[in-house]
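This briefing is meant to be read with the sequence and the three-dimensional view side by side. Please find each residue in the view as it is named.

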Amino acid sequence: QLQLVESGGGLVQSGGSLRLSCTASRTASRFSLDYYAIGWFRQAPGKEREGISCISSSGGSRYYADYVKGRFAISREYAKNTVYLQMNSLKPEDTGIYYCAAAMERLCPFALRESDYWGQGTQVTVSS
């Protein structure tokens, strides 16, 4: 019913920046993200997936994990059905697969089990 696609990952040096995008695919273009909170989750090598950021359906509430506060910024552009994650001052420990997830009418933050839809993930690698 709702297909999400992440993009913007890549390989950067420590201290660099990336902007990730989470966008509804063409097949789901008739569905709006307006009523979904969108979260970004990261799965580092050998570790479980964890929530790093979230933005509410209205865009009025944002959540950041402590270890990304001041470095990452989440935003959404409703006309494009897109949520962005601007990542600055990247560190090697930020390396992992980044997934976006949509949760219908949820508050931020929301848990993995509360997610209704997931993207396929995009790889972020930060070298030292």
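N81 is placed in the loop between β7 and β8, and the model in which it appears is a predicted one. The backbone of N81 has a positive phi of about 50°, although this residue is not a glycine. With a relative accessibility of 13%, N81 counts as buried, because buried means under 20%. The points below begin with the cavity that N81 helps to line, and then turn to the disulfides, the loop between β9 and β10, and the nonpolar cores.

**The cavity**

- The structure holds 1 cavity of 30 Å³ or more, and the space inside the largest cavity comes to about 30 Å³.
- Its lining is made up of L33, D34, R76, E77, Y78, N81, T82 and V83, and the elements that give two or more residues to this lining are β7 and β8.
- Sorted by character, the lining residues of the largest cavity divide into 3 nonpolar, 2 polar and 3 charged.

**The disulfides**

- A disulfide is a covalent bond between the sulfur atoms of two cysteines.
- A search of the whole structure finds 2 disulfides, and they follow the pattern 1-3, 2-4 when the bonded cysteines are counted along the chain.
- One disulfide joins C22 to C100, with an S to S distance of 2.1 Å, and this pair links distant parts of the chain, since C22 is in strand β3 and C100 is in strand β9, 78 residues apart.
- The torsion about the S-S bond of C22 and C100 is about 70°, so this disulfide is right-handed.
- Both ends of this link are buried, as C22 has a relative accessible area of 0% and C100 also has a relative accessibility of 0%.
- Another disulfide joins C54 to C108, with an S to S distance of 1.9 Å, and C54 lies in strand β5 while C108 lies in the loop between β9 and β10 (117-118), so the pair ties together parts that are 54 residues apart in sequence.
- The link of C54 and C108 is left-handed, with -60° about the S-S bond.
- C54 counts as buried at 2% relative accessibility, and C108 is buried as well, with a relative accessible area of 18%.

**The loop between β9 and β10**

- Most residues other than glycine have a negative phi, and most peptide bonds are trans.
- A cis peptide bond joins C108 and P109, with omega at about -5°, and P109 has its place in the loop between β9 and β10.
- E105 lies in the loop between β9 and β10, and its phi is near 50°, a positive value in a residue other than glycine.
- At 60% relative accessibility, E105 counts as exposed.

**The nonpolar cores**

- The largest nonpolar core has 28 residues, and those with the most contacts inside it are I38, W40, F72, L85, M87 and Y98.
- The elements that give two or more residues to this core are β3 (18-24), β4 (36-43), β5 (50-55), β7 (72-77), β8 (82-87), β9 (96-104) and β11 (122-127), and the largest share, 4 residues, comes from β3.
- Leaving aside its neighbours within four places in sequence, Y98 is in contact with a set of residues that includes L20, W40, I52, F72, L85, M87 and V124.
- A second, separate core has 7 residues, among them A37, A101, A103 and F110.

Note on methods. Residues are numbered from 1 along each chain as its sequence is written. This is a predicted model: local features need pLDDT of at least 70, side-chain atom pairs count only at pLDDT 80 or more; totals for chains, interfaces and linings use all residues. Side-chain values use heavy atoms; hydrogens and water are left out. A nonpolar core is a set of buried Ala, Val, Leu, Ile, Met, Phe, Trp, Tyr and Cys residues joined through side-chain atoms within 4.5 Å. Buried means under 20% relative accessible area, exposed over 50%, partly exposed in between (1.4 Å probe, protein chains only). Contact means heavy atoms within 4.5 Å. A disulfide is a pair of cysteine sulfur atoms within 2.5 Å. On a 1 Å grid over the protein atoms alone, a cavity is a set of points where a 1.4 Å probe fits but cannot get out, and a pocket is an open set with protein on both sides within 12 Å along at least five of seven lines; lining residues have an atom within 4 Å of a point. Grid points are joined across faces, edges and corners, and a volume is the space filled by probe spheres set on the points. Ala, Val, Leu, Ile, Met, Phe, Trp, Tyr, Cys and Pro count as nonpolar, Asp, Glu, Lys and Arg as charged, and the others, Gly among them, as polar.
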